Amino acid sequence: MSIELMKPPHAETDRSRDRSQPLSNLGPDETLKAGSNHLRGTIAEGLLDEITAGVAYSDQKLLKFHGTYQQDDRDVRDERRRQKLEPAHQFMVRVRLPGGVCTPAQWIKLDALARAYGGETLRLTTRQTFQFHWILKHNLKATIQGLHEALLDTVAACGDDTRGVMCAVNPGLSGLHAQIYDLARGASDHATWKSGAYHEIWYGEKKVASSQEEEEPFYGKTYMPRKFKIGFVIPPSNDIDVYAQDLGFIAIVHGQKLEGFNVVIGGSMGRTDGKPQTYPRLASLIGYVPLDKVTQTIDAVMSVQRDYGDRKDRAHARFKYTIDDKGLDWIKAEIETRLGFPLEPARDFVFDTNGDVLGWSESDGGLAQFTLFIENGRIASRPGNTLMDALLAIAKVHSGTFRLTPNQNLAIADVTREQRPVIQALLEQFGLANQGGASALRRNSMACVALPTCGLAMAESERYLPGLISKIETILARHNLIDEPITLRVTGCPNGCARPYNSEIGLTGRAVGKYNLYIGGGFHGQRLNKLYRENIGEAAILETLDGLFGRFAGERKPGEHFGDFVIRAGIVPEVIEGRHFND
Amino acid sequence: MPSVVSEDSKKVVMPAKLTPAQLAQLEALARSLDREQALWASGYFAGLAGMGTLAIAEPPHQGDAAPAATAVTILYGSETGNSAGLARDFASRLQASGINARAGDMDSYKVRALKDERVLLIITSTHGEGDPPQSALNFFEFIEGRKAPKLAGVQFSVLALGDSTYEKYCEAGKRLDRRLEELGATRLSPRVDCDVDYESPAAQWMETVLPLLPGEPAKTSQVAALSVVSPAAPAAVPFDKRNPFNAPVIENLVLTGRGSSKETRHVEFSLDGSGLTYEPGDALGLMPLNDTALVEAILEQTGLDGQTPVTHKKADMRLAAALASEFEIAAATPRFLESWATLSGAAELRRLLGAENQAERNAFLHHHHVIDIIRAFPVPGVKAADLLMGLRPLQPRLYSIASSLSAAPDEVHLTVSTVRYELHGEPRTGVASGHLAARAEPDSTMPVYVQPNPHFRLPADDVPIIMIGAGTGVAPYRAFLQEREARGATGKAWLFFGERNFRSDFLYQVEWQEHLHNGLLTRMDVAFSRDRSEKVYVQHRLREKAADLYAWLEEGAHLYVCGDAAQMAPDVHAALLAAIREQGHLGDEAAEDYLRNLQRGHRYQRDVY
């Protein structure tokens with residue numbers, strides 16, 4: 001067997017766009033990474049430059065690997081340009097929090113840092129972690145050192161590497177969750193970059209002499225071609241949107257025992273307007289690996305993308321394009337070559353939901369959790385909004401954990417019987433005990449951050465969605481659909497941070513007040529949606545939805561989801577593969 | 001005849017290089033100039049040569065040493081890089097066919113050179129709902145604004161990139177196409193609009209444009225460039241303090257960002273047609289108008305009718321007008337106190353007039369404006385002439401000029417902090433800064449004149465300069481650097497700047513950043529006093545950088561201090577002395593001698609107020 005595998009069982013492939021080429025043949029970011037002295041660049045010097053609140057362009061790129069993005073307050077960008085002032089630069093800082101689990105002590109620290117440096121707000125992301133916004137350059141070090149005190153870091157939270165590893169929340173199965181959470185954490189620790197740059201720049205540690213190879217044994221000097229996302233999910237809930245991951249592990253459980261994982265590869269949401277060669281793609285199922293082969297599988301899959309991914313054009317550099325260019329069979333064979341054994345056939349599994357169970361629920365082992373709906377994941381301390389204060393008060397008495405869900409909600413988890421009344425009292429005191437308030441649509445909605453901080457945003461998203469939902473709710477009520485769960489996701493640009501392309505209704509920003517409208521995604525993320533109306537304003541969005549809901553209410557089959565209906569009714573064609581998304 | 005002088009002669013160079021037609025023009029111009037104008041014109045030409053814009057007028061036979069004029073400029077406004085890519089491709093293609101072409105980003109293009117272009121090709125995308133690309137916003141604002149020059153003699157064509165799913169498809173390109181025509185430029189070929197699949201229409205546009213371009217550089221009229229000189233007809237009487245020029249406001253914006261504890265403005269006036277000139281370091285005198293609300297309040301309090309005829313400086317006018325434009329009606333003077341004491345007979349005012357009560361009188365005047373005194377000590381039935389008798393004629397206000405004529409011809413820029421405070425529960429403003437903040441809309445005018453300041457001058461181009469300024473004290477350094485840029489000066493420059501908050505009060509931040517980037521400014525140190533718990537001022541930065549500072553002085557650097565006279569200037573002086581003592585290992589007296597020597601050699605110049 002091994003002799004057979006020494007020779008690749010598959011055809012030669014085009015290597016003209018991957019890392020086998022000299023840097024001069026590749027895109028500018030490859031040269032930048034290669035020349036960055038393993039992600040050091042001139043970040044340390046730039047932090048000291050008092051003439052600008054920003055950093056050099058090349059350091060902005062490198063800082064992403066360190067988990068932080070330079071942004072600016074876009075609400076005042078134009079006015080400041082006239083005032084001959086630079087944009088109001090600030091930084092988004094994203095925490096590395098594999099599986100979205102944190103302790104009450106960590107929560108208290110995060111809260112304190114957000115109040116001190118982050119404009120008194122924290123955001124729970126769609127990938128189960130915390131983001132700070134509004135951090136000024138001269139507070140970056142203090143923020144990251146503060147996280148370090150709480151045993152948290154921001155390594156690889158952004159950049160061309162493995163992003164935060166996601167893990168199913170599954171509160172009902174505490175033992176299984178613990179096991180898979182350990183795997184997710186291990187995967188993150190294993191796959192993040194290793195350069196000493198982080199400790200030197202942020203913690204002020206001295207550089208330890210080492211060879212280049214020692215410093216970054218897996219990634220080398222040019223890291224990945226683009227970001228690489230990994231997630232673990234436990235059926236029947238697809239809460240992490242496993243089909244949106246570059247590499248997804250679907251737990252196969254026998255009785256209470258975790259046996260191994262089905263492996264899916266090549267999911268990703270991002271696309272670019274006006275570039276039909278870019279498209280969202282759902283991950284493809286390629287087989288099954290036993291439990292003890294997870295780390296090996298990560299190395300094999302990531303190394304295939306590291307070696308063959310497109311490094312000429314960043315808009316074509318995600319794993320999904322490598323797969324579609326080379327062919328799924330070719331990629332699978334290459335993965336198996338690197339594993340040294342063939343993947344087993346995929347096992348049976350079923351997904352039937354991707355939402356969170358709100359309010360109190362029991363888990364095995366006598367513990368309970370309370371899941372809070374948090375609109376768009378935004379936690380802030382503002383007049384009339386005490387959510388941040390409430391969660392701090394809970395963190396001070398809580399002895400279990402907090403779990404961030406991929407739907408940007410928050411579970412106060414591992415609550416003992418004795419503690420439950422204490423938590424309940426605080427929830428009541430802050431008016432959070434009743435989680436039935438939000439409509440089914442609102443509970444199944446997500447928005448990315450967009451304006452004013454995100455540099456990519458072309459339209460509003462987080463600030464816009466709550467009001468838009470209120471208007472849609474009126475229409476739903478008119479059609480007696482107010483209790484119908486429908487997934488609605490909005491992003492301020494085509495890049496897809498809130499995973500809009502596999503929602504039943506997706507809106508992606510084109511210009512201020514203008515969105516593309518997509519419909520027909522699978523309710524639990526199993527199918528991409530399809531462009532239905534391009535570049536329309538709110539009036540047209542509402543009018544279009546009104547018409548669609550009218551037909552849905554009248555013609556649907558019992559239990560049929562909205563996304564399934566619009567396809568059966570022939571309103572939009574079904575998108576079977578990502579590369580046909582733009583057809 | 002100058003034209004027969006050999007080209008080798010060092011004495012008469014210019015005329016020999018001019019064509020007879022140019023020479024005739026120049027001589028005609030020379031005859032119309034008085035001495036001051038002639039001096040200005042000589043500086044103007046020197047500046048023009050330094051800026052490189054004269055390149056366009058250089059005759060083609062000048063030889064290899066002279067850079068050939070750019071025949072075709074391709075300007076691009078790009079959001080995603082498509083326009084930039086097209087522009088660069090086209091430029092190299094033109095160069096390959098022997099046409100001197102260059103491609104440039106609207107972002108970094110010196111808009112003042114626009115009128116000197118011969119063929120201008122525009123490639124621009126549209127952003128969002130009909131907006132220009134972010135990087136082209138400044139260019140659009142200039143060209144669509146009132147400062148845009150006439151472009152007769154410029155040929156152009158526009159390639160517009162867009163996305164037809166937007167309502168305002170290719171709008172940015174359309175705007176430029178329209179505007180260039182409005183400014184008098186000639187359309188070489190019709191605009192082409194491209195959708196997201198722009199490659200083929202773009203290629204088509206290039207095919208159309210290419211044969212229409214001049215095959216060789218410098219075939220167009222050589223005299224065109226001279227038209228920029230025409231500083232309108234010389235004024236009959238030169239404008240000065242007694243006869244100020246009514247300068248139109250062309251820009252008036254707040255430099256300080258949101259949340260600032262201050263309001264500092266950037267105000268630009270047009271000097272077009274005035275014949276007024278200035279040098280970096282000079283000041284501008286402004287004749288403000290008083291606040292009409294204050295005029296109203298005084299009229300109401302005295303019961304006088306604004307229409308009452310009065311005579312002032314042998315001219316007849318109405319009382320309201322006289323109060324608005326002829327007299328100081330805000331702060332009161334001892335003379336007013338005396339006058340009002342007589343009119344009111346108030347014992348309290350009389351008492352304050354006593355020689356022994358000088359300190360108390362000063363304090364009283366500090367806290368009581370004219371309106372406060374009139375209110376506190378009413379004089380029923382007071383006559384208009386009696387009121388005016390106590391008032392002082394309105395004085396012009398001087399501001400350090402923040403621009404250089406070589407960078408902004410026919411313009412003068414000021415940096416003005418609006419003075420606002422409360423007195424007796426009422427908001428009050430400074431007279432001139434209040435006028436600029438409230439009543440100096442673009443297109444309104446204000447009487448201005450130039451106040452030369454020969455004691456605040458740039459040294460030779462290769463001499464290092466150290467500029468220290470807090471707040472609006474940074475204004476003349478903006479002029480200095482503009483001037484040095486225009487002259488291609490090579491001397492090092494170091495700027496110390498202090499204000500309250502980095503985010504809102506970093507006056508002209510992007511300009512300093514650009515100067516640092518292109519090397520005109522060698523280094524810059526800033527002190528923001530209200531950003532951290534410990535207050536930091538420019539003098540602290542001077543102390544921190546003492547070693548380098550001293551080294552620069554030893555190299556012959558000139559030292560400038562501008563800004564607040566009461567605190568900043570003495571603190572800076574002390575910091576300089578300390579730095580010199582420490583770094584030169586000098587005693588107190590020797591250090592003072594060192595600074596005094598700098599002063600005597602005009603190497604330590606101050607403009608403090």
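## Burial and overall form of chain A

A residue is called buried here if 20 or more other C-beta atoms lie within 10 Å of its own, exposed if 12 or fewer do, and partly exposed in between. By that count, in this predicted model, 50% of the 583 residues of chain A are buried. The secondary structure of chain A is made up of 19 helices and 20 strands. Its radius of gyration is 23 Å, which is close to the 25 Å that the globule rule gives for 583 residues, so chain A is as compact as a globular protein of that length. The C-alpha trace of chain A, followed along its principal axes, spans about 65 × 55 × 55 Å.

Contacts between distant parts of the sequence can also be counted. Among the contacts in chain A with a separation of 6 or more, 67% are accounted for by residues 24 or more positions apart.

## Confidence and the start of chain A

The average pLDDT of chain A is 94, and 97% of the residues score at least 70. Residues 1-6 of chain A, however, have a pLDDT below 50, and this stretch has 2 contacts in the model beyond near neighbours in sequence.

A little further along the chain, Glu12(A) lies in the loop between helix H1 (2-6) and helix H2 (28-34) of chain A. Is Glu12(A) buried or exposed? With 6 other C-beta atoms within 10 Å, Glu12(A) is exposed, because the cut-off for that class is 12 or fewer. Between the C-alpha atoms of Glu12(A) and Leu32(A), which are 20 residues apart along the chain, the separation is 29 Å.

## An open sheet in chain A

Five strands of chain A form an open sheet in the order S6-S7-S8-S9-S10, and the pairing within this sheet is mixed. Strand S6 (166-167) and strand S10 (284-290) stand at the edges with a single partner strand each, so one side of each is left without a neighbour in the sheet.

Moving through the sheet from S6(A), one can see how the pairing is mixed. S6(A) and S7(A) run parallel and are joined by 2 bridges, and here Cys167(A) has Phe232(A) in S7(A) as its bridge partner. S7(A) then pairs with strand S8 (residues 247-254) of chain A, again in the parallel sense, over 4 bridges, with Ile250(A) in S8(A) as the bridge partner of Val233(A). At the other edge, strand S9 (residues 257-265) of chain A and S10(A) pair in the antiparallel sense over 6 bridges, and Val263(A) has Gly287(A) in S10(A) as its bridge partner. Strand S7 (residues 230-233) of chain A is covered on both faces, since Ile230(A) and Phe232(A) on one side and Gly231(A) and Val233(A) on the other are all buried.

## Strand S2 and its partners

Strand S2 (residues 89-94) of chain A is mostly covered, with 5 of its 6 residues buried. Which residues stand opposite each other where S2(A) meets its partners? Strand S1 (residues 68-72) of chain A runs antiparallel to S2(A) and is joined to it by 5 bridges, and Thr68(A) stands opposite Val93(A) in S2(A). Strand S5 (residues 130-135) of chain A also runs antiparallel to S2(A), joined to it by 3 bridges, and in this pairing Phe91(A) stands opposite Ile135(A) in S5(A).

## Chain B

Chain B contains 22 helices and 21 strands, and 38% of its 609 residues are buried. Among the contacts in chain B between residues at least 6 apart in sequence, 75% join residues at least 24 apart.

One of its helices, H22 (residues 588-600), allows a simple check of length. At 1.5 Å a residue, its 13 residues should span 18 Å, and the end C-alpha atoms are 18 Å apart, which agrees. After H22(B) comes His602(B), whose phi is positive, near 55 degrees.

## Where the two chains meet

How many residues of chain B are in contact with chain A? There are 24 of them, and they are in contact with 19 residues of chain A. The elements of chain B that give two or more residues to this side are strand S7 (245-254), helix H17 (502-505), helix H18 (509-518) and strand S19 (523-528). The largest share, 6 residues, comes from H18(B). Sorted by type, the residues on the side of chain B that touches chain A divide into 14 nonpolar, 5 polar and 5 charged.

Conventions: Residues numbered from 1 in each chain as written. Chains lettered and ligands numbered in written order. Predicted model: local features only at pLDDT ≥ 70, side-chain atom pairs only at ≥ 80, totals over all residues. Contact = placed C-beta atoms within 7 Å. Nonpolar A, V, L, I, M, F, W, Y, C, P; charged D, E, K, R; others polar. Rg over C-alpha atoms; globule rule 2.2 N^0.38 Å. pLDDT = per-residue confidence, 0-100. Expected span 1.5 Å × (residues − 1). Pairing = 2+ DSSP bridges.
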